[in-house]
Amino acid sequence: VIDTREYLMNPIGGHAPMQTRIHGITSARTRGQPTFEQLFPEFRSLAGKEIYGYSRFDSQVLYALLDHF
C-alpha cells in the first residue's frame, strides 16, 4: 500500500432508506460534505493507477462515477 484515502461524500440524489440500512451513512452525516463532482479533480489524478475499494460494489460505483464525470 502506497497511499490510502477516505472520503465521505454528499450524494447527488440523497440517501435512499435501503442505502442507509446497508452502510449506516445518513443524510445528516453527509450534509456539508463535498459532492463527487467537487472531488473529481483529485480522483482524476488517480487515472491509470490501481484503485481498490472496500468491496466490489464500491469499486463499481467509483468507476461508474468516473465515467459519468
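**Exercise 1. Find out which residues Thr20 touches, then place Thr20 in the fold.**

Step 1. Set aside the neighbours within four places in sequence, and Thr20 is left in contact with His15, Ile25 and Thr26. Keep in mind that you're working with a predicted model here.

Step 2. Now for the address: Thr20 sits in helix α1.

Step 3. Is Thr20 buried or partly exposed? Its relative accessible area is 23%, and the cut-off for buried is under 20%. Thr20 therefore counts as partly exposed.

Step 4. For a sense of distance, try Ala47: Thr20 and Ala47 are 27 residues apart in sequence, and their C-alpha atoms are 29 Å apart in space.

**Exercise 2. Do the same for Thr30.**

Step 1. Thr30 belongs to helix α2, which covers residues 27-30.

Step 2. How accessible is Thr30? Its relative accessibility is 1%, and anything under 20% is called buried, so Thr30 counts as buried.

Step 3. Look at what surrounds Thr30. Not counting residues up to four places away in sequence, Thr30 touches Leu8, Met9, Asn10, Pro11, His15 and Ile25.

Step 4. Put the two threonines side by side. His15 and Ile25 turn up among the contacts of Thr20, and His15 and Ile25 are also among those of Thr30.

**Exercise 3. Work out which residues of helix α3 are buried, and how they are arranged.**

Step 1. Helix α3 runs over residues 36-44, and its buried residues include Phe36, Leu39, Phe40 and Phe43.

Step 2. Why do they end up on the same side of α3? They cover an arc of only 140° around the axis, which puts them on one side together. The general rule helps: an α-helix has 3.6 residues a turn, so residues three or four places apart point the same way.

Step 3. What covers these buried residues of α3? The cover includes α4, residues 56-68.

**Exercise 4. Describe Asp3 and its surroundings.**

Step 1. Asp3 lies in the segment before α1, the helix at residues 17-23.

Step 2. With a relative accessible area of 49%, Asp3 is partly exposed.

Step 3. Which side chain does Asp3 pair up with? The side chains of Asp3 and Arg5 make a polar contact of 3.0 Å.

Step 4. Compare the sequence gap with the spatial one for Gln19: Asp3 and Gln19 are 16 residues apart in sequence, and 28 Å apart from C-alpha to C-alpha.

**Exercise 5. Sketch the whole chain.**

Step 1. How many helices and strands are there? The protein chain has four helices and zero strands, giving the pattern α-α-α-α along the sequence.

Step 2. The C-alpha atoms fill a box of roughly 35 × 25 × 20 Å along the principal axes.

Step 3. Of the 69 residues, 14% are buried. The accessible surface is about 5800 Å², and carbon and sulfur atoms account for 56% of that surface.

Step 4. Finish with charge: there are 7 positive and 7 negative side chains, with the centres of the two sets 6 Å apart.

Key: Residues are numbered from 1 along each chain as its sequence is written. This is a predicted model: local features need pLDDT of at least 70, side-chain atom pairs count only at pLDDT 80 or more; totals for chains, interfaces and linings use all residues. Side-chain values use heavy atoms; hydrogens and water are left out. Helices (H or I, at least four residues) and strands (E, at least two) are DSSP runs, numbered from the N terminus. Buried means under 20% relative accessible area, exposed over 50%, partly exposed in between (1.4 Å probe, protein chains only). Accessible areas come from the Shrake-Rupley method with a 1.4 Å probe; for residues, only the protein chains shown count as cover. Lys and Arg count as positive and Asp and Glu as negative; His and the chain ends are not counted. The place of a charge is taken as NZ of Lys, CZ of Arg, CG of Asp or CD of Glu. The arc is that of the directions from the helix axis to the C-beta atoms. Contact means heavy atoms within 4.5 Å. A polar contact is a pair of N or O atoms within 3.5 Å; within protein, one must be able to donate a hydrogen and the other to accept it, and residues adjacent in sequence count only if both atoms are side-chain atoms.
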